[in-house]
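Got the viewer open? Load the model below, switch to cartoon view, and follow along stop by stop.

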Amino acid sequence: QVQLVESGGGLVQPGGSLRLSCAASRIIFSRNTMGWYRQAPGKQRELVALITSGGSTNYADSVKGRATISRDNAKNTVYLQMNSLKPEDTAVYYCKLMTPKGYWGQGTQVTVSS
């Protein structure tokens, strides 16, 4: 059974930063594309960023220039560094193993508020 465990969420003031982590187990992590998604209250879940096994990245327009996705294959972990956070970044953030079946973590809450 694939397990994905996110951490690093919390309450942060506008303009602040957070680094989210997603630790994966029971998969050949290095061969898979990993993604970060988010879901705000009353909205659909949306892709924030993804990183391929080769390290190529892609970002949603809403976070370009403010987010950096990275991975450490030795630690089976994918990260999402978010800077210059805005209230509209408030959401539950999920990581996803982007195989045809797709596996999700349980999510971590990020709240941007003064």
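Two strands count as paired if DSSP finds at least two bridges between them, and the strands themselves are DSSP runs of E at least two residues long, numbered from the N terminus (helices would be runs of H or I, at least four residues). With that in hand, select the open sheet of four strands, ordered β1-β3-β8-β7 with antiparallel pairing. Its edges are β1 (3-7) and β7 (67-72), each of which pairs on one side only. From one strand to the next the twist averages 15°; axes here are lines fitted to C-alpha atoms (for helices, over the stretch in contact), and angles run from 0 to 180 degrees between N-to-C directions.

Before going on, some ground rules. This is a predicted model, so local features need pLDDT of at least 70 and side-chain atom pairs count only at pLDDT 80 or more, while totals for chains, interfaces and linings use all residues. Residues are numbered from 1 along each chain as its sequence is written, and side-chain values use heavy atoms, with hydrogens and water left out.

**Zoom out: the whole chain**

Color by secondary structure and you get zero helices and 11 strands. The radius of gyration is 13 Å, close to the 13 Å that the globule rule gives for 114 residues, so the chain is as compact as a globular protein of that length. That radius is taken over C-alpha atoms, and the rule is 2.2 Å times the number of residues to the power 0.38. Along its principal axes, the C-alpha trace spans about 40 × 25 × 20 Å.

Now color by accessibility: 42% of the 114 residues count as buried, meaning under 20% relative accessible area (exposed is over 50%, partly exposed is in between, with a 1.4 Å probe and protein chains only). Take contacts (heavy atoms within 4.5 Å) between residues at least 6 apart in sequence, and 53% of them join residues at least 24 apart.

**Stop 1: β1 and β3**

Select 3-7 and 18-25. β1 and β3 pair in the antiparallel sense over five bridges. Show serine 7 as sticks and look across to serine 21 in β3, which stands opposite.

**Stop 2: the disulfide**

Stay on β3 and select cysteine 22, along with cysteine 95. A disulfide joins the two, S to S 1.9 Å, where the cut-off is a pair of cysteine sulfur atoms within 2.5 Å. The pair links distant parts of the chain, with cysteine 22 in strand β3 and cysteine 95 in strand β9, 73 residues apart. Why is this disulfide called right-handed? The torsion about its S-S bond is about 45°, so that is the hand it gets. Cysteine 22 is buried at 0% relative accessibility, and cysteine 95 is buried too, with a relative accessible area of 0%. A search of the whole structure finds one disulfide.

**Stop 3: β11 and its neighbors**

Select 108-112, which is strand β11. Side chains in a regular strand alternate between the two faces of the sheet. In β11, Thr108, Val110 and Val112 make up the covered face, and Gln109 and Thr111 the uncovered one.

Add strand β2 (residues 10-12): three bridges join β2 to β11, and the two run parallel. Valine 12 has valine 112 as its bridge partner in β11. Then add strand β9 (residues 91-97), joined to β11 by three bridges, this time antiparallel. Alanine 91 stands opposite valine 110 there.

**Stop 4: arginine 38**

Select arginine 38 in strand β4 (residues 34-39). Is arginine 38 buried or exposed? Buried, with a relative accessible area of 5%.

Turn on its polar contacts (pairs of N or O atoms within 3.5 Å; within protein, one must be able to donate a hydrogen and the other to accept it, and residues adjacent in sequence count only if both atoms are side-chain atoms). The arginine 38 side chain makes one with the side chain of aspartate 89 at 2.9 Å, and another with the side chain of tyrosine 93 at 2.9 Å. Leaving out residues up to four places away in sequence, arginine 38 also touches others, including Gln44, Glu46, Ser62, Met82 and Ala91.

**Last stop: two positive phi angles**

Select asparagine 76, in the loop between β7 and β8 (77-82). Its phi is near 50°, a positive value in a residue other than glycine. Asparagine 76 is partly exposed, at 22% relative accessibility.

Finish on serine 84, in the loop between β8 and β9. Serine 84 has a positive phi of about 50°, although it is not a glycine, and it is partly exposed at 41% relative accessibility.
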